[in-house]
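Colleague: I would like a close look at one part of this protein. Please pick out a single helix and walk me through it, then place it in the whole chain.

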Amino acid sequence: MIRSHIVGCGAYLPGNPVSNAELARRVDTSDEWIQQRTGITQRYLAADGELTSDLALQAAQRALDHAGMKASDIDLIVLGTATPDETFPATATKVQAGLGMTRGAAFDVQAVCSGFVYGLSVADSMMKNSMAQTALVIGAETFSRILDWNDRTTCVLFGDGAGAVVLQAGQGQGTPADRGVLSNILHSDGRHHDLLYVDGGPSTTQKAGFLRMQGKEVFKHAVTNLADVVGESLAAAGLTTADVDWIVPHQANKRILDGTARKLGMSHEKIVVTVDKHANTSAASIPLALAEAVADGRIKRGQVVLMEAMGGGLTWGASVTRW
Ligand code: UT7
């Protein structure tokens, strides 16, 4: 059977890190509160005029370099983002043009913080249907543009960034021992819209709007939903938590990462954590964390890597890959 393999990773963080102490000079907050409640110490913020597509293009180029490939090798770009450059066209098409790629298809996936897991699932499914051979799956965000900088309950939590992987179609036996993407599980429940949303958009206010979140409620859903979907994705892959070498979660809050690991009975040492340095970069957080753990040699060939995320919608999902 066709199995898609991650053959390259790339990351891009804009500018210099902005510390909690720097934020505390313009918002009524403190380094102590942010670290205690979230584990965040700093975040990166895009410069004026630096767009989601600029971040995505850098990460994509780095993933191609890491894979030893050229843009002309790619026949699909799937970009997870909730902060597109424009209402339309898809930011993915700007990345396509930026790479000088003229064939194939490029489109955005909108699942907020679950955007990378959704994008990976879509690209993997297209490969399994022989609709693409080599894809870029990107998560890229400039959440700083949709933050209400007068709302301390949200503005301290997020950062900007982009991560990308190159996905290539290969062959497998259809067993849990295969290398490549072994399972994807996606969920959403639109009844929870009001827990995490942006109060604007083309059809409602004709303005981009600001992020609004009921943090405590989102937190409760996150720990339960993530533990459940991890179990589902492992069962679909024919594996158990004991088989997992690395969890690469969406990075919203260190307490959510720890709570989910505890609920699953998994060791904290298996979690790749970047929320401390990147804050919550929405769809970019998983590919940013992947790129880091691959570059520093933690993730090795043959190991089982579990990715999971939850975000606005609510949307959530998980993906199991043998590296
Ligand atoms: O990526 C998409 C998914 N998003 C998430 O997963 C986020 C999930 N939620 C969370 O991570 C947490 O709920 C937060 C980090 C957002 C908040 O942590 P919390 O422990 O739930 O705090 P809280 O909202 O209950 O606020 C506690 C107190 C409040 O003061 P009172 O009412 O107890 O006096 C807040 O006003 O902390 C206050 N507070 C702050 N204080 C200093 C809220 N934000 C701040 C702040 N600085 N930035």
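Modeller: What follows is a tour of helix α7, then its surroundings, the salt bridges and the overall fold. Keep in mind that this is a predicted model.

Start with the helix itself. Helix α7 covers residues 215-237. It has 23 residues and spans 32 Å from its first C-alpha to its last. That is close to the 33 Å expected at 1.5 Å a residue. Just after α7 comes Gly 238, with a positive phi of about 75°.

Now the buried residues. In α7 they are Val 218, Ala 222, Val 223, Asn 225, Leu 226, Ala 227, Val 229, Val 230, Ser 233, Leu 234 and Ala 237. What covers them? The cover includes the strands β8 (180-188), β9 (196-198), β10, β12 (304-311) and β13 (315-322). Helix α8 (254-264) is also among the covering elements.

Next, the charged residues of α7. Side chains of opposite charge can pair when their charged atoms come close. Glu 217 and Lys 220 form such a salt bridge, at 3.0 Å from N to O. Both belong to α7 and sit three residues apart, about one turn of the helix. Glu 217 has a relative accessible area of 30%, so it counts as partly exposed.

Strand β10, part of the cover over α7, has a salt bridge too. Arg 212 pairs with Asp 148 at 2.9 Å, N to O. Arg 212 lies in β10 (residues 211-213), while Asp 148 is in the loop between β6 (134-142) and α6 (152-155), so this pair ties together parts that are 64 residues apart in sequence. The two partners differ in burial: Arg 212 is partly exposed at 23% relative accessible area, whereas Asp 148 counts as buried at 14%. The cut-off for buried is under 20%.

Away from these two pairs, Lys 94 and Asp 85 join their side chains in a salt bridge at 2.9 Å, N to O. Lys 94 is partly exposed, with a relative accessible area of 29%. Across the whole structure, a search finds twelve salt bridges.

Now step back to the nonpolar interior. In soluble globular proteins, nonpolar side chains tend to be buried together. Here the largest nonpolar core has 33 residues. Leu 167, Val 248, Leu 290, Ile 299 and Met 307 have the most contacts inside that core. At least two core residues come from each of β1 (2-12), β4 (76-80), α5 (115-128), β6, β7 (160-171), β11 (246-249), α10 (285-295) and β12. Helix α5 gives the largest share, seven residues. Strand β12 thus appears twice in this account: in the core and in the cover over α7.

Finally, the whole chain. Its secondary structure comes to ten helices and 13 strands. The radius of gyration is 18 Å, close to the 20 Å that the globule rule gives for 323 residues, so the chain is as compact as a globular protein of that length. The C-alpha atoms fill a box of roughly 55 × 45 × 40 Å along the principal axes. Of the 323 residues, 56% count as buried. Among contacts between residues at least 6 apart in sequence, 76% join residues at least 24 apart. The chain exposes about 13,000 Å², and carbon and sulfur atoms supply 50% of that area.

Conventions:
Residues numbered from 1 in each chain as written. Predicted model: local features only at pLDDT ≥ 70, side-chain atom pairs only at ≥ 80, totals over all residues. Heavy atoms only, no water. Salt bridge = Lys/Arg side-chain N within 4 Å of Asp/Glu carboxyl O. Buried < 20%, exposed > 50% of the residue type's maximum accessible area, 1.4 Å probe, protein only. Helix = DSSP H or I, 4+ residues; strand = E, 2+ residues; numbered from the N terminus. Expected span 1.5 Å × (residues − 1). Contact = heavy atoms within 4.5 Å. Rg over C-alpha atoms; globule rule 2.2 N^0.38 Å. Areas by Shrake-Rupley, 256 points an atom, 1.4 Å probe, with all protein chains shown as cover. Core = buried A, V, L, I, M, F, W, Y, C linked by side-chain atoms within 4.5 Å.
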